[in-house]
Amino acid sequence: MLTSVETDLIRVLADPLRLQIVNLLAKETLCTTHLVEETGARQTNLSNHLRVLREAGVVDTEPCGRFTYYRLRPDVIARLAGRFAELAETARSAADNKRACP
């Protein structure tokens, strides 16, 4: 069973714009200006999504002058992927289990 933290993380990553941000940050560390250019989202909207990702522990920030750079935390993604791999393995081994109806 997924923990509440993992369930919250799935909800965070379920948003299309946040998932797009995660995909972009998987390739390189970017600042808000880069992410606005890449996604076409408004800066305030993007900043709100980045705050959610930061609070969920998905991204780290790095101040650089007047800019803030964002970096994906691959360990968080890998941990969640591992939980899904465990669920898939449980489903494979339980494929023949069937509870009888009353």
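Okay, let's start with Leu 46. If you skip its neighbours within four places in sequence, Leu 46 is in contact with Leu 17, Ile 21, Thr 32, Leu 35, Val 36, Thr 39 and Ala 41. Before I go on, keep in mind that this is a predicted model.

So where does Leu 46 sit? It lies in helix H4, and that helix covers residues 43–55. Is Leu 46 buried or exposed? Buried, with a relative accessible area of 0%. One distance for you as well: Leu 46 and Thr 61 are 15 residues apart in sequence, and C-alpha to C-alpha they are 14 Å apart in space.

Now pick one of those partners, Thr 32. Thr 32 is in helix H3, residues 32–39. Thr 32 is buried too, at 13% relative accessible area. What does Thr 32 touch, not counting residues up to four places away in sequence? The list is Gln 43, Leu 46, Ser 47, Leu 50, Thr 68 and Tyr 70.

Two other partners of Leu 46, Leu 17 and Ile 21, take us to the packing of H2 on H4. The axes of these helices are 10 Å apart, and the angle is about 75 degrees. That makes H2 and H4 roughly perpendicular to each other. On the H2 side, the contact is made by Leu 17, Arg 18, Ile 21 and Val 22. On the H4 side you have Asn 45, Leu 46, His 49, Leu 50, Val 52 and Leu 53. Sorted by class, that contact has seven nonpolar, two polar and one charged residues.

H2 also meets H1. H1 is residues 4–14 and H2 is residues 16–27. Their axes come within 5 Å, crossing at roughly 90 degrees, so H1 and H2 are roughly perpendicular to each other. Who meets whom here? From H1 it's Arg 11, Val 12, Leu 13 and Ala 14, and from H2 it's Pro 16, Arg 18, Leu 19 and Val 22. By class, this contact of H1 with H2 has six nonpolar, no polar and two charged residues.

While we're on H1, have a look at Glu 6, which is found in that helix. Buried or exposed, would you say, for Glu 6? At 13% relative accessibility, Glu 6 counts as buried. What does its side chain pair with? The side chain of Glu 6 makes a polar contact with the side chain of Arg 83, at 3.0 Å. Leaving aside neighbours within four places in sequence, Glu 6 is in contact with Leu 80 and Arg 83.

Last topic, the cysteines. How many disulfides turn up in a search of the whole structure? Zero. As a reminder, a disulfide is a covalent bond between the sulfur atoms of two cysteines. Take Cys 31: why no bond there? The closest cysteine sulfur to the one in Cys 31 is in Cys 64, and at 8.8 Å that is too far for a bond. The cut-off used for a disulfide is within 2.5 Å. Turn it around and Cys 64 tells the matching story: its closest cysteine sulfur is in Cys 31, 8.8 Å away. As for the surroundings, Cys 31 is buried, with a relative accessible area of 4%, while Cys 64 counts as partly exposed at 40% relative accessibility.

That's my tour, thanks for listening.

Methods. Residues are numbered from 1 along each chain as its sequence is written. This is a predicted model: local features need pLDDT of at least 70, side-chain atom pairs count only at pLDDT 80 or more; totals for chains, interfaces and linings use all residues. Side-chain values use heavy atoms; hydrogens and water are left out. Axes are lines fitted to C-alpha atoms, for helices over the stretch in contact, and angles run from 0 to 180 degrees between N-to-C directions. Helices (H or I, at least four residues) and strands (E, at least two) are DSSP runs, numbered from the N terminus. Angles under 35 degrees count as roughly parallel, over 145 as roughly antiparallel, 65 to 115 as roughly perpendicular and the rest as oblique. Contact means heavy atoms within 4.5 Å. Ala, Val, Leu, Ile, Met, Phe, Trp, Tyr, Cys and Pro count as nonpolar, Asp, Glu, Lys and Arg as charged, and the others, Gly among them, as polar. Buried means under 20% relative accessible area, exposed over 50%, partly exposed in between (1.4 Å probe, protein chains only). A polar contact is a pair of N or O atoms within 3.5 Å; within protein, one must be able to donate a hydrogen and the other to accept it, and residues adjacent in sequence count only if both atoms are side-chain atoms.
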